[in-house]
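Welcome, and please open your viewer with the cartoon and side chains ready to switch on. We will go from stop to stop, with something to select at each one.

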2 protein chains.
Amino acid sequence: MQRRILRVNMTNRTATFEEVPSDYRTLGGRGLTSTIVADEVPPDCHPLGPNNKLVFAPGIVTGTSAPSSGRLSVGGKSPLTGGIKESNVGSRFAQTLARLGIQAMIVEGQAKDGYQLLKIGTEGVEFVDGRRWSGKGLYQAYEDLRSEFGEDADICGVGVVSERSATNSGLVFNDPEGRSSRYAGRGGLGAVAASRGLKFIVLDRSELPHVDYEDKETFDRGRQKLVNGLRQHDVTKPDGALASYGTNVLINILNEAGGLPHRNFSTGREELAELVSGERKAELIKQRGGTRPHACHPGCIIRCSEIWTKENGKDPVGVLEYESVWALGPNCGIYDLDLIGELNRACNDLGLDTIEMGNTIAVAMEGGLLEFGDGEGALQLMEEIRNGTPQGLMLMHGAKFAGTALGVTRVPVVKGQAMPAYDPRAVKGMGVTYATTPMGADHTAGYTVAPEIMGVGGKADPLAADKGALSQSLQRATAVIDSAGYCLFTAFAVLDIPEALEGMVETVNGVLGTSLTVDDIDGLGKKILDVERQFNKKAGFTDVDDRLPEFMRLEKLPPHDQVFDVADRQLDQVFEENH
Amino acid sequence: MQRRILRVNMTNRTATFEEVPSDYRTLGGRGLTSTIVADEVPPDCHPLGPNNKLVFAPGIVTGTSAPSSGRLSVGGKSPLTGGIKESNVGSRFAQTLARLGIQAMIVEGQAKDGYQLLKIGTEGVEFVDGRRWSGKGLYQAYEDLRSEFGEDADICGVGVVSERSATNSGLVFNDPEGRSSRYAGRGGLGAVAASRGLKFIVLDRSELPHVDYEDKETFDRGRQKLVNGLRQHDVTKPDGALASYGTNVLINILNEAGGLPHRNFSTGREELAELVSGERKAELIKQRGGTRPHACHPGCIIRCSEIWTKENGKDPVGVLEYESVWALGPNCGIYDLDLIGELNRACNDLGLDTIEMGNTIAVAMEGGLLEFGDGEGALQLMEEIRNGTPQGLMLMHGAKFAGTALGVTRVPVVKGQAMPAYDPRAVKGMGVTYATTPMGADHTAGYTVAPEIMGVGGKADPLAADKGALSQSLQRATAVIDSAGYCLFTAFAVLDIPEALEGMVETVNGVLGTSLTVDDIDGLGKKILDVERQFNKKAGFTDVDDRLPEFMRLEKLPPHDQVFDVADRQLDQVFEENH
């Protein structure tokens with residue numbers, strides 16, 4: 001099916017299919033959302049004002065049979081960071097959008113009379129009054145929507161916190177069973193959607209076309225190489241680390257490495273971590289009759305997902321990812337998977353990013369609002385958010401905001417976005433990535449943990465401070481993977497297995513009819529990062545925004561007793577030519 | 001008495017007198033605080049972390065018999081704007097500090113065991129445990145302090161909101177009767193003091209020395225010329241506008257000009273404004289037996305101050321300034337001077353800046369927290385702040401913070417600091433000053449209202465957009481006046497009367513032994529602004545921070561139906577060479 005751009009104007013309630021400009025023809029995913037945002041959104045606009053836009057783009061190979069490629073990029077100006085944002089999610093929604101021939105969807109303007117639901121199918125686009133779902137919890141809303149629009153519909157939506165303009169509010173997507181548990185969570189794009197008047201998008205999957213290939217033979221050849229690589233690598237193979245324990249396998253690994261932040265980044269190791277490890281979780285899921293491994297979208301062969309339930313097997317949450325378990329767990333001094341599951345369920349129901357929310361609770365604990373380890377108190381805070389109390393308003397805008405509210409100076413954010421589950425004082429490459437990615441503190445932007453901790457893609461000493469080049473190269477490669485539409489976890493295989501990487505490039509060539517080689521990746525990635533960084537520069541960012549918070553240069557992290565000592569010069573080099 | 005620098009280290013509880021470095025010898029007030037902050041404070045530090053400092057400096061002629069010169073500059077990195085801050089106050093405290101020979105006081109470090117009171121006199125500096133005044137309202141605390149340290153003591157302190165790290169928290173100084181009603185209010189320096197562990201400074205005035213003059217004859221000659229000018233100019237003379245009606249005389253003038261912002265900058269004119277005018281207030285003060293005119297410090301011959309009381313003549317607030325009346329009044333749709341007086345009294349008692357607080361309430365009203373005009377509701381919000389409830393925490397960090405909390409996009413701030421009482425769409429030179437001063441939206445930084453509205457210092461059409469040069473020249477002159485130690489209101493006379501300006505320069509020469517001329521003012525001012533702007537640049541500011549909020553370029557302001565249409569180019573020219 002011919003790919004087109006779908007432009008939705010919420011002010012006039014119009015939906016127009018546009019031809020893809022030739023400049024955009026070979027772009028997809030993050031490369032496309034960032035380019036469109038840079039081309040169409042004034043960098044100095046208010047993120048929740050009339051001039052921001054929300055851009056959705058499936059990856060280049062998304063919707064094909066390429067393995068683990070059901071990824072969607074969502075872009076806009078972030079109300080959390082004030083800069084450009086690409087937030088990435090794995091969901092069948094991405095594949096369906098691609099199969100509907102939508103290379104990108106641009107949502108602009110602001111609805112005048114309340115929330116709208118967009119129904120999109122082969123027949124076109126329909127605007128449905130969305131006000132009746134306003135204020136509802138998302139688990140229930142997704143059930144209701146599936147009853148109304150078909151059990152097979154793919155759904156994207158925003159929760160009650162987005163309606164209240166929370167700068168910590170994500171875009172929520174369905175998992176394969178239809179639950180609201182897949183997230184383009186980071187950077188507050190949920191509030192950007194809500195401020196356009198967009199509450200839900202429902203994709204009708206009846207009579208769904210297939211995507212076109214320019215060169216099916218090359219695609220198939222590449223696909224096979226990549227599948228072979230993924231099936232062979234220790235991390236991604238069918239009985240590998242991710243399939244066996246999910247992303248949460250990292251709890252024990254990072255804790256052992258002294259880089260798992262506990263109690264608002266106060267120490268990097270605690271024996272209690274074992275209680276919330278991937279190994280422990282897999283055991284409990286088995287006992288309870290939950291599902292593991294599980295794919296977040298059809299065609300994923302890594303299958304790191306799962307379905308976590310209560311002890312009695314009820315109230316399935318969806319997946320409990322490593323980042324979520326850490327943020328809502330050890331970082332808050334909470335070492336109880338059931339409590340963490342309930343906190344995660346609350347985030348999914350309200351439309352909150354778990355990483356930002358966990359950091360927010362931890363900062364609130366540091367500020368004396370409750371004790372570290374008080375899981376019941378944390379659950380109560382989630383109810384404050386649900387009810388929109390002043391306490392709730394204080395906590396729904398992320399860690400930086402809560403830190404200001406409570407006068408806390410130990411706030412682990414970069415560009416206003418809270419850090420994920422790797423203390424940069426113990427895994428210094430991650431500090432470089434957090435500091436320099438245009439996205440704000442984001443582990444997925446250049447995952448140096450692979451060589452620093454896991455020995456994947458080479459080996460690097462996590463405590464060594466010379467990580468500029470490593471982060472640069474991984475940030476560029478990641479920008480390409482996020483554009484191709486592959487799950488970041490495919491990187492484990494392609495970093496170690498040259499044929500798999502070659503195969504990945506061939507699948508892209510097969511879809512686009514291009515003749516890219518592995519050597520082009522670095523330059524393509526650099527180009528995307530340059531577009532993003534230029535946007536941020538015009539939005540008012542400088543080198544000063546590419547730094548970690550002061551306390552991480554002053555306070556030593558046990559057990560390694562290291563500060564973040566990467567030179568500013570190393571950080572700035574990330575943006576220079578190859579080095 | 002020989003001038004020295006007093007360095008107070010709160011961590012070690014040491015106070016050291018240092019010789020004045022030769023570079024600092026001819027500096028005072030803002031020129032000195034900004035230079036010391038630029039020299040000693042890392043621009044990228046956390047404003048409430050260990051590396052920020054708080055610097056106090058009386059003006060060059062402060063403490064002498066120069067008229068209307070009891071001014072103090074306080075500097076540091078602002079927790080509200082994230083940039084350099086000079087906040088300026090008129091109080092005898094400034095004169096006493098100067099007479100104690102303290103050219104500047106630098107407070108650094110962070111106390112380890114609770115709040116301290118610094119007692120400073122000719123005998124030296126004493127640290128007194130300050131914890132027993134913690135949490136108290138400031139009116140009562142100042143009474144208690146005078147009982148304990150002498151009725152004649154001068155006092156600087158911070159209120160309960162500073163103890164809670166409020167980014168809207170000022171430094172409070174005594175008025176001549178000892179009340180906590182004089183403010184270095186803007187930019188959150190109260191929280192910087194509290195985060196050092198500094199709660200109060202008490203100046204012992206017994207056996208107070210006099211300041212030295214390098215050339216008393218030149219000083220006396222200059223002083224007389226300036227006094228003559230101030231006594232002669234319509235705005236500053238003994239029966240002039242300021243002495244007759246106080247600063248609040250501007251309510252009717254700005255409302256008439258269509259530039260008095262009502263209901264969160266929604267319109268520039270409302271008939272109701274008359275109810276809170278300077279004329280009306282002067283009448284009520286007379287009826288109630290309050291005091292008017294009144295000097296904020298000994299030796300002021302302009303006397304724009306007053307003592308506002310309740311209807312029964314009780315509970316004196318101190319002065320109700322134009323900016324405060326506007327912020328807590330018309331900008332909130334409140335047109336009742338008694339209500340405004342109570343709101344102002346609450347600000348003084350808690351340690352809040354009135355401009356920021358009024359804007360915060362207005363933004364909260366826009367966000368639906370209460371109705372415009374609901375004065376009793378606004379008073380209730382002040383109690384929430386007093387009690388430190390979550391609602392209170394949400395409202396004590398200024399308008400931008402409250403706007404984020406409540407999802408309001410119409411937030412009138414620059415660099416995070418809320419705008420004073422002149423809508424930049426109707427008084428466009430003020431828009432240039434708000435946008436470009438290193439201080440955040442600040443009317444005192446370059447008061448183009450003088451020529452645009454009052455016909456002082458020339459005449460300029462307030463709606464004309466070519467105001468770069470005007471703002472530049474006034475910003476430079478203001479930086480010099482703020483360094484000399486003169487009240488900004490002396491500018492009305494010196495702008496129109498060349499001999500008065502000459503006299504002002506001569507008083508400075510008389511104190512310092514310099515031979516400055518009127519022609520040096522522009523260059524001296526530029527130098528100060530350059531120091532401040534360099535600090536901000538290193539703190540991460542760019543041209544994008546020198547812009548007004550987006551809504552003022554999109555929304556027309558009645559009655560002139562104008563947007564802010566000053567070209568970015570005009571704004572950037574403020575920092576270039578003379579033009």
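Which residues point one way from strand β9 (residues 154–157) of chain B, and which the other way? Select this strand and turn on its side chains: D154(B) and C156(B) point one way, I155(B) and G157(B) point the other way, and all are buried. In a regular strand the side chains alternate between the two faces of the sheet. Please keep in mind throughout that this is a predicted model.

**Stop 1: the sheet around β9(B)**

Keep β9(B) selected and add strand β12 (residues 198–203) of chain B. The two strands pair in the antiparallel sense, over four bridges. To find one of these pairings, go to D154(B), whose bridge partner in β12(B) is L203(B).

Now add strand β10 (residues 171–173) of chain B, which runs antiparallel to β9(B) and is joined to it by two bridges. Here C156(B) has F173(B) as its bridge partner in β10(B).

Widen the selection to the whole sheet. Six strands of chain B make up this open sheet, in the order β8-β7-β12-β9-β10-β11, with mixed pairing. At its edges you will find β8 (124–129) and β11 (182–184) of chain B, each pairing on one side only. Look along the sheet to see the turn between strands: neighbours are rotated by 20 degrees against each other on average, direction ignored.

Next, select helix α2 (residues 92–99) of chain B. This helix lies across β9, β10 and β12 of chain B and runs at about 110 degrees to β9(B).

**Stop 2: helices that meet α18(B)**

Two packed helices are described by the angle between their axes and the distance between the axes. Select helix α18 (residues 468–484) of chain B together with helix α21 (residues 521–538) of chain B: their axes come within 7 Å and cross at roughly 85 degrees. That crossing makes α18(B) roughly perpendicular to α21(B). Show side chains at the contact, where α18(B) contributes residues including R476(B), A477(B) and V480(B), and α21(B) contributes residues including D522(B), L524(B) and K526(B). By class, this contact has seven nonpolar, four polar and three charged residues.

Stay on α18(B) and add helix α1 (residues 29–40) of chain B. These two helices pack at an angle of about 95 degrees, with axes 4 Å apart. The pair is therefore roughly perpendicular as well, α1(B) to α18(B). On the α1(B) side, pick out G29(B), R30(B) and G31(B); they meet A479(B), D482(B), S483(B) and A484(B) of α18(B). The residues here divide into two nonpolar, three polar and two charged.

**Stop 3: α11(B) beside α13(B)**

Select helix α11 (residues 337–350) of chain B and helix α13 (residues 375–387) of chain B. Their axes are 10 Å apart, and the helices pack at about 10 degrees. α11(B) and α13(B) are therefore roughly parallel to each other. From α11(B), the contact uses L339(B), E342(B), L343(B), A346(B) and L350(B); from α13(B), it uses G375(B), A378(B), L379(B), M382(B), I385(B) and R386(B). By class, that gives eight nonpolar, one polar and two charged residues.

**Stop 4: an enclosed helix in chain A**

Move to chain A and select helix α5 (residues 189–196). Are its residues buried or exposed? Eight of the eight are buried, so this helix is largely enclosed by the rest of the structure. The buried set runs through L189(A), G190(A), A191(A), V192(A), A193(A), A194(A), S195(A) and R196(A). Just after α5(A), click on G197(A), which takes a positive phi of about 90 degrees.

**Stop 5: where the chains meet**

Finally, show both chains together. Chain A superposes on chain B by a rotation of 180 degrees with 0.0 Å of shift along the axis, at an RMSD of 0.0 Å. This is the relation of a two-fold axis. To locate the axis, select P390(A): in chain A, its C-alpha is the nearest to the axis, at 2.7 Å.

How many residues of chain A are in contact with chain B? There are 27, and they touch 27 residues of chain B. Colour α14 (390–395) and α15 (398–406) of chain A, the elements that give two or more residues to the side touching chain B. That side of chain A has 10 nonpolar, 12 polar and five charged residues. Of the interface residues of chain A, 100% are also interface residues in chain B, so the copies meet through the same surface.

Definitions and conventions: Residues numbered from 1 in each chain as written. Chains lettered and ligands numbered in written order. Predicted model: local features only at pLDDT ≥ 70, side-chain atom pairs only at ≥ 80, totals over all residues. Buried ≥ 20, exposed ≤ 12 C-beta atoms within 10 Å, placed from the backbone. Least-squares fit on C-alpha atoms with pLDDT ≥ 70 in both. Contact = placed C-beta atoms within 7 Å. Nonpolar A, V, L, I, M, F, W, Y, C, P; charged D, E, K, R; others polar. Axes fitted to C-alpha atoms, helices over the stretch in contact; angles between N-to-C directions. Parallel < 35°, antiparallel > 145°, perpendicular 65-115°, else oblique. Pairing = 2+ DSSP bridges.
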